[in-house]
Amino acid sequence: VTIIGARQTTGFARFSHIVPSSTYQHMKMHRRILGHLSSVYCVAFDRTGKRIFTGSDDCLVKIWATDDGRLLSTLRGHAAEISDMTVNYENTMIASASCDKIIRVWCLRTCAPVAVLQGHTASITSIQVA
């Protein structure tokens, strides 16, 4: 919102005006993980911070361990890129939304599919569990 407002007022805006370089100056890369065949579009953490979920253009959801970066599981089923993911409050399920107009839900304990939610008429761009 701030960038858009600055562009409307002055005609230009820079990311550094909003987030000073001192904020991210001390960050460093801890690990680089290669595993998807295409671009990763979304990333989510579980509520414990022990797992990272990535959704990609290769139609896969992958589950990674945060401590050592190892691949724990690959969730398959979507026919188009994964646009968003969310983990439920109890940290027992993950739901992924896709451009194939389908939401898929998996159990995080067994990695088994729980539900396939169909009915959208267009690509799903975001998802939130209440």
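Okay, one bit of vocabulary before we start: two strands pair if DSSP finds at least two bridges between them. With that in hand, look at strands S1 and S2 in the structure above. They are joined by 5 bridges and run antiparallel. We'll come back to that pair in a minute.

I should say right away that this is a predicted model. So how confident is the predictor? The mean pLDDT of the protein chain is 80, and 72% of the residues reach 70 or more. Confidence isn't even along the chain, though. Where is it lowest, and where is it highest? The low end is helix H1, residues 2–10, with a mean of 48. The high end is strand S7, residues 103–107, at 94. Keep that in mind when you look at helix H1 on the screen.

Now the overall layout. There are 3 helices and 8 strands in the protein chain. If you walk along the sequence, you go through α-α-α and then β-β-β-β-β-β-β-β.

How are the strands arranged? Let's take the sheet with S1 in it. Here 4 strands make an open sheet, in the order S1-S2-S3-S4, with antiparallel pairing. At its edges you find S1, residues 40–45, and S4, residues 71–75, and each of those pairs on one side only. On average, neighbouring strands in this sheet are turned by 20 degrees against each other, if you ignore direction.

Let's step through it strand by strand. Back to S1 and S2: take valine 43, and its bridge partner in S2 is threonine 54. The hairpin of these two strands has 5 residues between them, and glycine 49 in that hairpin has a positive phi near 80 degrees.

Next step: S2 to S3. Again we get 5 bridges and an antiparallel run. One pair to find on the screen is arginine 51 with its bridge partner in S3, alanine 65. S2 and S3 form a hairpin too, with 4 residues between them. In the turn of that hairpin sits cysteine 59, with a positive phi of about 70 degrees.

And the last step, S3 to S4. S3 is residues 61–65, and 4 bridges join it to S4, antiparallel once more. Lysine 62 has threonine 74 as its bridge partner in S4.

Before we leave this sheet, have a look at S2, residues 51–56. Is it mostly out in the open or enclosed? Of its 6 residues, 5 are buried, so S2 is largely enclosed by the rest of the structure.

On to the other sheet. This one is also open and has 4 strands, in the order S5-S6-S7-S8, and its pairing is antiparallel. Its edge strands are S5, residues 82–87, and S8, residues 113–117, each pairing on one side only. Neighbouring strands here are turned by 15 degrees against each other on average, direction ignored. S7 and S8 run antiparallel and are joined by 4 bridges. If you want a pair to click on, valine 105 stands opposite alanine 115 in S8.

So what's on the inside? Across the chain, buried residues make up 35% of the 130 residues. The largest nonpolar core has 12 residues, among them Cys42, Phe53, Ile63, Met85 and Trp106. Which elements give two or more residues to this core? They are S1, S3 and S5. S5 gives the most, with 3 residues. There's also a second, separate core of 6 residues, and that one includes Ala95, Ala97, Val105 and Ile124.

Cysteine 42 is a nice one to zoom in on. Leaving out residues up to four places away in sequence, cysteine 42 touches Phe53, Thr54, Gly55, Ile82, Ser83, Asp84 and Met85.

And the outside? The accessible surface of the protein chain is about 8700 Å², and 53% of that belongs to carbon and sulfur atoms.

Last stop: glutamine 128, in the segment after S8. Is it buried or exposed? Its relative accessibility is 68%, so it counts as exposed, the cut-off for exposed being over 50%. Now find valine 87 as well. Glutamine 128 and valine 87 are 41 residues apart in sequence, and their C-alpha atoms are 8.4 Å apart in space. For the chain as a whole, take the contacts between residues at least 6 apart in sequence: 30% of them join residues at least 24 apart.

That's my tour. Thanks, everyone!

Conventions: Residues are numbered from 1 along each chain as its sequence is written. This is a predicted model: local features need pLDDT of at least 70, side-chain atom pairs count only at pLDDT 80 or more; totals for chains, interfaces and linings use all residues. Side-chain values use heavy atoms; hydrogens and water are left out. pLDDT is the predictor's confidence in each residue, from 0 to 100. Axes are lines fitted to C-alpha atoms, for helices over the stretch in contact, and angles run from 0 to 180 degrees between N-to-C directions. Buried means under 20% relative accessible area, exposed over 50%, partly exposed in between (1.4 Å probe, protein chains only). Contact means heavy atoms within 4.5 Å. Accessible areas come from the Shrake-Rupley method with a 1.4 Å probe; for residues, only the protein chains shown count as cover. A nonpolar core is a set of buried Ala, Val, Leu, Ile, Met, Phe, Trp, Tyr and Cys residues joined through side-chain atoms within 4.5 Å.
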